[in-house]
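Student: I would like a close look at a single part of this structure. Please take one helix and its packing, and then place that part among its charged surroundings.

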Amino acid sequence: MASDTDTGSMSTDSFDSLAFDVFSRACPSRSTLEHVTGRWGGLTIGALYEESLRFNELRRRVDGVSEKMLSQTLHALERDGLVLREAQPVNPPRVDYELTPFGREVAEKLLGLIHCVEGRMDEVLASRARYDEARGGR
């Protein structure tokens, strides 16, 4: 596999014969996984699953994300082929974001994880309390 410095300049044709392995430092799939599973990436993908949203709608839905972080997240997800940005030729300008078919596939798996975690939060909170109590509180 190519070195870290090589992956940025390789064409997609160069990857045709490679077996992707997210556990390998030089594998380009690692950065896509980071974009999907990062704090804002996962929430953004989850928010876009049910409908396309404008930037400010998405920002309100993903509570706590800054404008800068949401913009960076959307650029990364668009570059990876997970999100489609569609600028409408109207005044004032309107930009909608929606998931691509690949983005929807990822979102379905991600939402399964989200629902699993949300459904087990009573256990998580109890575990945290036991852990903190055993270590003198937090």
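Tutor: What follows is a look at helix α3, then at the charged side chains elsewhere in the chain.

The model is a predicted one. Its protein chain holds seven helices and three strands, and in sequence order these run α-α-α-β-α-α-β-β-α-α. Of the 138 residues in the chain, 27% are buried. Among contacts with a separation of 6 or more, 40% join residues 24 or more positions apart.

Helix α3 spans residues 39-48. This helix is mostly covered, with eight of its 10 residues buried. The buried residues in α3 are Trp40, Gly41, Gly42, Thr44, Ile45, Gly46, Ala47 and Leu48.

Two helices that pack against α3 can be taken in turn. A packed pair is described by the angle between the two axes and by the distance between them. For α3 and α6, the latter covering residues 101-119, the angle is about 105 degrees and the axes lie 9 Å apart. The two helices are therefore roughly perpendicular to each other. On the α3 side the contact is made by Gly42, Ile45 and Gly46. On the α6 side it is made by Gly103, Val106, Ala107, Leu110 and Leu111.

The other pair is α3 and α5, whose axes come within 10 Å and cross at roughly 75 degrees. Because the crossing falls between 65 and 115 degrees, α3 is roughly perpendicular to α5. Here Trp40, Gly41, Thr44 and Ile45 of α3 meet Met69, Leu70, Thr73, Leu74 and Leu77 of α5. Ile45 thus takes part in the contact with α6 and also in the contact with α5.

Just after α5 (67-79) comes a loop that leads to β2 (83-88), and aspartate 80 lies in that loop. Aspartate 80 is buried yet forms no salt bridge. The nearest side chain of opposite charge is that of arginine 79, 5.1 Å away. That distance does not qualify, because a salt bridge requires the nitrogen and the carboxyl oxygen to be within 4 Å. What aspartate 80 does have is a polar contact of 2.5 Å between its side chain and that of histidine 35. Leaving out residues up to four places away in sequence, aspartate 80 touches Ser31, Thr32, His35 and Phe102.

Strand β2 contains glutamate 86, which is partly exposed at 35% relative accessibility. Beyond its neighbours within four places in sequence, glutamate 86 is in contact with Arg94, Val95, Asp96 and Glu98. The C-alpha atoms of glutamate 86 and aspartate 96 are 5.2 Å apart, although 10 residues separate the two along the chain.

Two of those contact residues, arginine 94 and aspartate 96, are joined by a salt bridge of 3.1 Å, N to O. Arginine 94 is partly exposed, at 33% relative accessible area, whereas aspartate 96 is buried, at 10%.

The whole structure has three salt bridges. One of them links glutamate 67 and arginine 59, with the closest N and O atoms 3.8 Å apart. Glutamate 67 is partly exposed at 47%, and arginine 59 is partly exposed at 32%. Another joins glutamate 123 to arginine 120, at 2.5 Å between the closest N and O atoms. Glutamate 123 is partly exposed at 45% relative accessibility, and arginine 120 is partly exposed at 45%.

Definitions and conventions:
Residues are numbered from 1 along each chain as its sequence is written. This is a predicted model: local features need pLDDT of at least 70, side-chain atom pairs count only at pLDDT 80 or more; totals for chains, interfaces and linings use all residues. Side-chain values use heavy atoms; hydrogens and water are left out. Helices (H or I, at least four residues) and strands (E, at least two) are DSSP runs, numbered from the N terminus. Buried means under 20% relative accessible area, exposed over 50%, partly exposed in between (1.4 Å probe, protein chains only). Lys and Arg count as positive and Asp and Glu as negative; His and the chain ends are not counted. A polar contact is a pair of N or O atoms within 3.5 Å; within protein, one must be able to donate a hydrogen and the other to accept it, and residues adjacent in sequence count only if both atoms are side-chain atoms. Contact means heavy atoms within 4.5 Å. Axes are lines fitted to C-alpha atoms, for helices over the stretch in contact, and angles run from 0 to 180 degrees between N-to-C directions. Angles under 35 degrees count as roughly parallel, over 145 as roughly antiparallel, 65 to 115 as roughly perpendicular and the rest as oblique.
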